[in-house]
Structure formats: structure tokens, C-alpha cells
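Please open the structure in a viewer and keep the sequence at hand. The tour below proceeds by selections, each followed by a description of what is found there.

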Amino acid sequence: MALPPYASPVEKLWFWTFRVLCGLVLLFLITPVLVIIPLSFSSGSFLTYPLPGFSLRWYEAIFDSSGPWLAALQNSLIVAPLATLLAMSLGTLAAVGLNRADFPGKGLILALLISPMVVPLVIVAVGMYFFFAQVGLLNSYTGLVLAHTVLGVPFVVITVNATLQGFDFNQVRAGASLGASPLRVFFTVVLPQILPGVISGGLFAFATSFDEVVVALFIASPTERTLPIQMFSGIRENISPAIAAMATILILLSTLLLITMELLRRRSERLKGSVE
């Protein structure tokens with residue numbers, strides 16, 4: 001929002017004061033994140049300032065095939081995409097079904113779907129631990145993927161549900177009247193228009209799975225040690241700049257996800273504008 005040319009001196013003062021305060025708050029919040037990045041290039045063996053020298057040794061340690069970091073990264077890259085695909089599929093179907101149907105208890109079902117976002121994560125982890133122990137899913141990739149799917153579904157449900165608020169379901173009726181099957185109508189009419197919401201929810205689900213540590217500590221075995229578990233263990237046992245190097249990579253990944261979501265948001269707004 002630009003400052004109007006007829007603004008009074010008091011309004012101009014508040015305009016710039018407000019923006020300076022917002023900038024200071026953002027700088028205060030982002031400084032701890034930015035401090036990590038130079039530490040990842042330290043030549044020393046400890047997280048200290050000033051840096052004793054510049055080196056890429058900790059990035060080499062991360063991608064060393066014989067080290068624990070690469071194995072943990074590979075586990076995360078196996079679990080997170082699978083959990084994201086399942087969360088996108090189940091969350092999209094749930095959101096479309098809840099928007100199309102009107103039945104008693106609809107609000108309760110929606111509350112249950114998003115409950116993993118509300119209930120403290122440690123309670124969710126304990127509940128999954130006892131349930132998975134009964135069905136034999138502990139210490140397995142399958143159990144870890146399903147657990148992360150449960151955590152990711154609420155994000156997809158919320159984003160897709162928000163996208164469907166502006167969707168005209170008369171298009172579905174028009175497609176059915178022309179002889180198209182419900183499946184074809186969904187993939188040719190509904191999905192292209194709600195795709196930004198589906199992808200946005202999927203990105204949130206991916207970030208949740210890739211960053212999750214509490215549930216993984218309860219469900220995973222040492223062979224399914226994910227990257228957050230490795231970082232948690234490294235902080236507890238031996239703090240080295242390798243953790244800062246991996247954190248820097250995760251910061252870059254998070255930045256790319258945020259840029260992608262912003263591009264999807266703008267695309268969704270353009271689609272809504274063209275429909276209107």
C-alpha cells in the first residue's frame with residue numbers, strides 16, 4: 001500500500017515508523033537463521049565466532065557415502081515423497097467429498113481430519129506407537145510413511161477445502177450431462193482448477209514429513225533413521241558444524257518451497273480472475 005500524496009505529516013511519520021518497526025521485527029526473527037549459514041563454512045571443529053577459516057569440509061562430511069548423514073538424508077527422501085503423495089491423494093478426496101456432500105456429523109469428521117494439527121505431537125506419537133505395535137508396523141518404512149501421511153493430510157484438506165470455496169460445481173453437472181464419467185469429470189474439470197491448492201497442501205505435507213522428529217523417534221528403527229533424528233542426535237551427542245551445513249541446506253529447501261507456494265498462490269488468483 002503506497003502513501004497517498006495528500007497525507008499529513010503525522011500520517012507520513014506513522015507510515016514510515018510502522019515499516020521500520022516491521023523491518024526490525026523481521027530482522028530479529030530471521031537473524032538466528034542467518035547466523036547458522038556462515039558457521040557451515042567454518043574450518044574449525046566447533047560452532048564458534050569468529051570463524052577460524054573458510055572450508056567446505058562439513059559439506060563433504062554430509063555427502064560422504066560412509067557417513068551417517070547421507071544415509072539419513074536418503075531415508076528422508078524415501079519417506080517424505082511417499083507420505084506426501086498419500087497425503088495429497090487422501091486429503092484431496094476428503095476435501096472434495098466434504099464439500100460435495102451434506103450430512104450429519106460433517107463438522108465432526110472435518111475436526112477429526114485436522115486433529116493431528118491441534119493435538120500435541122507427543123500425544124499423537126504415543127498413540128501411533130501403541131497402535132502400530134498392535135498391527136506390526138513399528139520399525140518399518142511402511143509405518144513411518146503412514147504416520148507422516150496422517151500428519152500431512154490436514155494440510156492438504158485445509159488448502160484444498162479453501163480452493164473449493166470458489167469452485168462452481170455446476171461445471172461438474174455440465175460435464176456429467178455431456179456423458180462424462182465422474183472420474184473423467186474430476187480429472188478434466190475439477191482437478192485442474194484445484195491443483196494449486198493440492199500442490200500447496202502437498203508442499204506443506206512434504207515439509208512436515210521432512211522436518212518431523214517426534215513421531216519418527218517413536219516409530220522408526222535405527223535403520224530408518226531420518227535426517228531430523230540424525231540432527232537431533234548430533235545436537236545431543238556431538239555438536240559439530242556438520243549440523244550447520246545440513247541446516248543451511250534445509251534453509252535453502254524451505255526457501256524454494258516458499259517461493260513455489262507464492263507462485264502457486266498467484267496462479268490460483270489468476271485462475272479465479274479468469275473464471276470470474
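## The whole chain

A compact globule of 276 residues would have a radius of gyration near 19 Å, whereas the protein has 23 Å. This is a predicted model. Display the C-alpha atoms alone: along the principal axes, they fill a box of roughly 70 × 70 × 30 Å. Next, colour by secondary structure. The protein contains 11 helices and 0 strands, and its elements, read from the N terminus, run α-α-α-α-α-α-α-α-α-α-α. If the colouring is changed to accessibility, buried residues account for 36% of the 276 residues.

## Helix 1 and the loop after it

Select residues 9-39, which form helix 1. This helix has 31 residues and spans 45 Å from its first C-alpha to its last, close to the 45 Å expected at 1.5 Å a residue. Where does helix 1 bend? The bend, of about 40 degrees, is at Thr 31, and a proline, Pro 32, follows within four residues.

Continue into the loop between helix 1 and helix 2, and select Phe 41. Phe 41 has a relative accessible area of 24% and is therefore partly exposed, since that class lies between 20% and 50%. Add Trp 58 to the selection: its C-alpha atom is 7.3 Å from that of Phe 41, with the two positions 17 residues apart along the chain.

Gly 53 lies in the loop between helix 1 and helix 2 (57-62). Gly 53 is partly exposed as well, with a relative accessible area of 24%. Draw a distance from Gly 53 to Ala 95: the two are 42 residues apart along the chain, and their C-alpha atoms are separated by 53 Å.

## Helix 3 and helix 8

Select Arg 100, which is found in helix 3 (residues 68-100). Its relative accessible area is 47%, so Arg 100 is partly exposed. Now add Phe 169. Arg 100 and Phe 169 are 69 residues apart in sequence, yet 8.3 Å apart in space, C-alpha to C-alpha.

Move on to helix 8 (residues 182-211) and select Ser 200 within it. Is Ser 200 buried or exposed? Ser 200 counts as buried because its relative accessibility is 12%, and buried means under 20%. Adding Met 88 shows another pair from separate parts of the sequence: Ser 200 and Met 88 are 112 residues apart along the chain, with 9.6 Å between their C-alpha atoms.

## The nonpolar patch

Return to a surface display and select Met 117, Val 118, Val 119, Val 122, Ile 123, Val 126, Tyr 129, Phe 130, Ile 158, Leu 217, Phe 218 and Phe 232. Together these residues make a nonpolar surface patch of about 1000 Å². Which helices each supply at least two residues of the patch? They are helix 4 (106-118), helix 5 (121-135) and helix 9 (214-219). Helix 5 gives the largest share, 5 residues. Ile 123 is found in helix 5.

## The loop after helix 5

Finally, select Asn 139, in the loop between helix 5 and helix 6 (141-164). Its phi is near 55 degrees, a positive value in a residue other than glycine. Most residues other than glycine have a negative phi. At 47% relative accessibility, Asn 139 counts as partly exposed.

Key: Residues are numbered from 1 along each chain as its sequence is written. This is a predicted model: local features need pLDDT of at least 70, side-chain atom pairs count only at pLDDT 80 or more; totals for chains, interfaces and linings use all residues. Side-chain values use heavy atoms; hydrogens and water are left out. Patches are made of residues with over 30% relative accessible area and no salt bridge: like charges are joined within 9 Å, nonpolar side chains (Val, Leu, Ile, Met, Phe, Trp, Tyr) within 5 Å. Accessible areas come from the Shrake-Rupley method with a 1.4 Å probe; for residues, only the protein chains shown count as cover. A salt bridge is a side-chain nitrogen of Lys or Arg within 4 Å of a carboxyl oxygen of Asp or Glu. The expected span of a helix is 1.5 Å times one less than its number of residues. The bend at a residue is the angle between axes fitted to the seven residues ending there and the seven starting there. The radius of gyration is taken over C-alpha atoms; the globule rule is 2.2 Å times the number of residues to the power 0.38. Buried means under 20% relative accessible area, exposed over 50%, partly exposed in between (1.4 Å probe, protein chains only).
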